[in-house]
Amino acid sequence: MPGQYRFSFGPWNLHEGADPFGPPVRPTVAFAEKLGLYKRLGFDAVQFHDDDAVPELEELAPEEVAAKAGAMKSMLDGEGLVAEFVAPRLWEDPRGIDGGFTANDPACRRWAMDRFKRCVDIAHALDTRLTVLWLAREGTYIRESKNAIDAYEQLLEAINEILEYDRHVEVAIEPKPNEPMDLAYVPTIGHALALAERTVDSSRVGGLIETAHALLAGLDPSDEMAFALSMGKLWSVHLNDQNGLKFDQDKTFGAANLRAAYNQVRVLELADYAGTERFVGLDVKAMRTQPAGAAHKHLANSRAIFLKLVDKFRSFPIDFERQCIADHDYEELEMAVIRHLLGE
Ligand code: XUL
Ligand code: MN
């Protein structure tokens, strides 16, 4: 029996529609209202940034952070939801302007480390071991502004410090090659898992692969996932889609390239990802044109497309595939895939 997929998304996926060229176009949805949508849309878990869980945490004393994180846990319990992970949002604070762990200013590096520890405390309060590091501004606009060799050592030291701070915490690195930076450190899962191997406890450092981020690196998301799966290190995914090498679009899963989406589902199926009990995360944005009452459809649609592609994988004529492979007739196999996806 294959495992059952469980789905997650982040509260930022229900958003007001602002982009770099225009203001919000939809009213803010209150957090409690967002939580109410999860089960209705078929989701079991919430992805958190630290300040999604505890807003304005920089203004609060440690006891207040703990109390607010506890209140958030009760809200989750009330909805029958769990937290999938908590990620430190280092990229919005002025102290993170030059990157956190790789900032040139040592005071900023200390702040980033402290913020990561607060994030781990919040994860603990929300009853999850998993933290996610999207290394947003850990990189450069111009190469000469940092020593990249030192930067990789600083990232290693930061992860080591967090592994030692909490004996149970897990760190999943979410690689992305660019945006907001011109070039980011740790651009691919290969970089992330090589770094993981050098840490003091590599068994607690893995990866989260986002479709759009792999595409922005010019790589195939399903092969990136396969690499992490082959090492037992795919601890979450951010499924979405991306129409070429542009800004990070976070389109509905499968909306730009259905064949590539099928192959991501296929690799998760081949590895029995559902059996690992890790979540299928989405990181998708509603189109700016969506009216307020319909700005959640991208989530339910992405999940539905994922499940339809699971059915496609499970109903593929496997004997025919084997025969094509035995005959080296990959043209015939390609046609069979297309026919199957077209519903013939
Ligand atoms: C940024 C991105 C983030 C992370 C969470 O491109 O994907 O939303 O997934 O911090
Ligand atoms: Mn993401």
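Is D93 buried, partly exposed or exposed, and what is its relative accessible area? In this predicted model, D93 is buried, with a relative accessible area of 12%. The value falls under the 20% limit, which is why the residue is counted as buried. Its side chain is nevertheless paired: D93 and R95 meet in a salt bridge, with N and O 2.9 Å apart. The partner sits in another setting, for R95 has a relative accessibility of 36% and counts as partly exposed. This salt bridge therefore joins a buried acid to a partly exposed arginine.

A second pair of this kind is formed by E170 and R129, whose side chains meet in a salt bridge at 4.0 Å, N to O. E170 belongs to strand β6, which covers residues 170-174, while R129 is found in the loop between α4 (106-125) and β4 (130-134); the pair therefore ties together parts of the chain that lie 41 residues apart in sequence. E170 is buried at a relative accessible area of 11%, whereas R129, at 45%, is partly exposed.

Helix α11 offers a local counterpart. Here D319 forms a salt bridge with R322, and the closest N and O atoms are 3.6 Å apart. The two residues are three positions apart in the helix, so about one helical turn separates D319 from R322. Both ends of this bridge are open to the surroundings: D319 is exposed, with a relative accessible area of 57%, and R322 is exposed as well, at 52%.

Beyond such single pairs, salt bridges that share partners link a set of residues into one network, made up of D50, D51, D52, E58, R89, E92, D93, R95 and R115. The pair described at the outset, D93 and R95, thus appears again as part of this network. Across the structure as a whole, 27 salt bridges are present.

Some acidic residues are arranged in another way. On the surface, D327, D329, E331 and E332 gather in a patch of negative charge. One of these, D327, lies in helix α11, which spans residues 318-327, the helix that also holds D319 and R322. D327 is partly exposed, with a relative accessible area of 47%. That value is over the 30% required of a patch member, and patch members also have no salt bridge, so D327 can be counted in the patch.

Conventions:
Residues numbered from 1 in each chain as written. Chains lettered and ligands numbered in written order. Predicted model: local features only at pLDDT ≥ 70, side-chain atom pairs only at ≥ 80, totals over all residues. Heavy atoms only, no water. Patch = residues over 30% accessible without salt bridge, like charges linked within 9 Å, V, L, I, M, F, W, Y side chains within 5 Å. Areas by Shrake-Rupley, 256 points an atom, 1.4 Å probe, with all protein chains shown as cover. Lys, Arg positive; Asp, Glu negative; His and termini not counted. Charge placed at Lys NZ, Arg CZ, Asp CG, Glu CD. Helix = DSSP H or I, 4+ residues; strand = E, 2+ residues; numbered from the N terminus. Buried < 20%, exposed > 50% of the residue type's maximum accessible area, 1.4 Å probe, protein only.
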